[in-house]
Every structure is written in C-alpha cells, then in structure tokens.
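Hello,

Here is the structure I said I would pass on. Please open it next to this email, and my notes follow below.

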Amino acid sequence: MRESFHAGPAAYAVAPVVVAALAHIGPAATWLPGLRRRRFPGLAGLGRPDHVALTFDDGPDPTSTPHFLDLLDGLGVRATFFVLGENVVRHPAPARELARRGHELAVHGWAHDRPWLPSPARDTRELRHAVRAVAEAAGRVPRWYRPPYGILTSGRWAAARRAGLRPVLWTTWGRDWRQDATPASVRATVAADVRGGGTILLHDTDHACAPGSWRAALGALPDIVRDCREAGLTVGPLEEHGVVGAALCPGTGPSVCGPVMSGASPFRPAAPGQP
Ligand SMILES: [Zn+2]
C-alpha cells in the first residue's frame, strides 16, 4: 500500500534550507561549459577571435612550475597563472619568478576547497588574503578570479566583486588532471574543443590532481601552441585576450572584444561578427 505524502512541520522547516542551498550553489551551474559559452561568454573567457588565452591553475609549485616557465620561455609564450594564496605564501620564489618572466598572476582562491556550505564571510576574508599575497608576489594587483573546480557560488561571486576581481572560467580543458592523462591525450582533448577566442585550462602542478599528472600538460604544451599558431591564432595571457565585457589593458593590443564562438572549426580563427 502506497503512503501519501503530507508536508508536515519537518518539511516546512527544511524548505528554507533548500532555498538557501539553491541560492548558494545556483550560480555554480554556470560551470557547465555549453551553457557558459552561450549565456556567459565573458565568464567563459571568450575573447578576440584571433587569440587563444593560455591559463594554468593550482600553482605555484617549486617542483613543477619551473619546468613550465622554461618551456614557455622557449616557446615565446606568456600565460595567466591562477595561483592559490596558500601556495604563494608557502612558495614565494616561484610565485615571484612567474611575474619576473612576464606572466600574469591571477587568483584561484586561498585554498583548493569545495564550498559545501555557504560562508560569505569566509569567502570574503580568504579572497582578500589571496589578493594581498598575489599582489605582493606579482608587484601588481590581480585582475581575474577562477574559483577551485570552477564552482562559482553566490558567496564567491560577491567576494570577488568586493575584492575587485572579475571571475573567468574557461572554454577548453585538457583533462590533464587525470591519472591516465598523457601528452597525446591532453593535446587531443584541447584540439577537439579549442577555437579562436577560447581560453584553455591546464595545470602547472599536481596540487589537486593525480600525482605527476603535470607532466602530461607539460608534454602537450609545445604541440598545443604549434597547433594554435598553425591555425593563425596567437597564444597569450588573459590580459591580452580582450575578454568579452572586459577592457584590454593599455598597450596590449586592439581594443576589440571577440564574439561568442559557436560552430567554428577547431583551430580556425573565428570570423569577426560570427554569432
Ligand atoms: Zn584548481
């Protein structure tokens, strides 16, 4: 015999909790790549159609980050590194070296945690600390924020605004964090999805990834850059990307914003004005 459901006092007591949870996690749905690209192109990191932004998360790491710096020097590429405040404080030398070699430092949060419960005061406090640590290492105030796991809760969003940061996620990843990632798999994953105006996410450390997985990203990097260049795309940091809705930094290129890319072929610069 089926029992009918009656909303008793307990259900009414739970309802506000559910509403609060949805308000907390609701904006995080923007991490869904397809939705993000279509509805939130600036948040997805869409930019100039002749440019691809190269970004790395989770560092700095004294073991792995120097390998990326040397390789990027050899490739003649600058990138944006979304670093963790706690890693910057723990490893100030590679953090400063990132800036010295001309890369852009951005904020990935203080620690690499998941926001299970709303904590707006902690979000604000931790992001302020992270901004201070990054600014001290970089010698300039950071501009971008990418929350760990791309989970942008309402609390983190508000904290970013208060800290003067603009949230930017990614359009394309390499799945380089997996234990079974290889240079070939990372390159193929990026190649299948990258377009002019896109933002690539890789990791310069295994801080929150499978041990040693950074070697797959490192090994894929020369081919990823070559693929982009052969398609006529320039690879660079977010500050030169012309992210939709964000002004370019002075002197970093033409002040145009890329259109939303959809349906463009991988590794082809999208035509300006393409919907
Ligand atoms: Zn991360």
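Below is what turned up, starting with the whole chain and ending with two loops.

**Overall**

This is a predicted model. The protein chain has ten helices and eight strands. Of its 275 residues, 46% count as buried. Take the contacts with a separation of 6 or more: residues 24 or more positions apart account for 77% of them.

**Confidence**

The mean pLDDT of the protein chain is 82. A pLDDT of 70 or more is reached by 77% of the residues. Residues 1-19 are below 50, and beyond near neighbours in sequence this stretch has one contact in the model. Residues 248-275 also stay under 50. For that second stretch the model has 68 contacts beyond four places in sequence.

**Three strands in a row**

Start with strand β2, residues 80-83. On one side β2 pairs with strand β1 (residues 51-57), in the parallel sense, over three bridges. In that pairing, T55 has T80 of β2 as its bridge partner. How does the chain get from β1 to β2, and which hand does the crossover have? The path runs through helix α4 (residues 65-75), and this β-α-β crossover is right-handed.

β2 also pairs with strand β3 (residues 104-107). This pairing is parallel too, over four bridges. T80 stands opposite E104 of β3. V83 stands opposite V107 of β3. T80 is therefore worth finding on screen: T55 in β1 is its bridge partner, and E104 in β3 stands opposite.Now the side chains. In β2, T80 and F82 point one way, F81 and V83 point the other way, and all are buried. In β3, both faces are covered. E104 and A106 lie on one side, L105 and V107 on the other, and all are buried.

**The core**

Which residues touch the most other members of the largest nonpolar core? They are V107, V134 and I200, in a core of 61 residues. Helix α10 (residues 214-230) gives the largest share of this core, with nine residues.

V107 links the strands to this part of the picture, as a residue of β3 that stands opposite V83. Leaving out residues up to four places away in sequence, V107 touches F82, L127, A130, V131, V134, P142, W144, Y145 and L165. Among them are F82, a buried residue of β2, and V134, another of the residues that touch the most core members.

**Two loops to look at**

The first is the loop between β1 and α4, which holds D58 and P60. The peptide bond from G59 to P60 is cis, with omega near -5°. D58 has a positive phi of about 85°, although it is not a glycine. Is D58 buried or exposed? D58 is buried, because 26 other C-beta atoms lie within 10 Å, and the cut-off for buried is 20 or more.

The second is the loop between β6 (172-173) and α9 (183-191), where R175 is found. R175 is also a residue other than glycine with a positive phi, near 45°. R175 has 17 C-beta neighbours inside 10 Å, so it counts as partly exposed.

Best wishes

Note on methods
Residues numbered from 1 in each chain as written. Predicted model: local features only at pLDDT ≥ 70, side-chain atom pairs only at ≥ 80, totals over all residues. Buried ≥ 20, exposed ≤ 12 C-beta atoms within 10 Å, placed from the backbone. Pairing = 2+ DSSP bridges. Right-handed = clockwise from strand over helix to strand, strands pointing away. Core = buried A, V, L, I, M, F, W, Y, C linked by C-beta atoms within 7 Å. Contact = placed C-beta atoms within 7 Å. pLDDT = per-residue confidence, 0-100.
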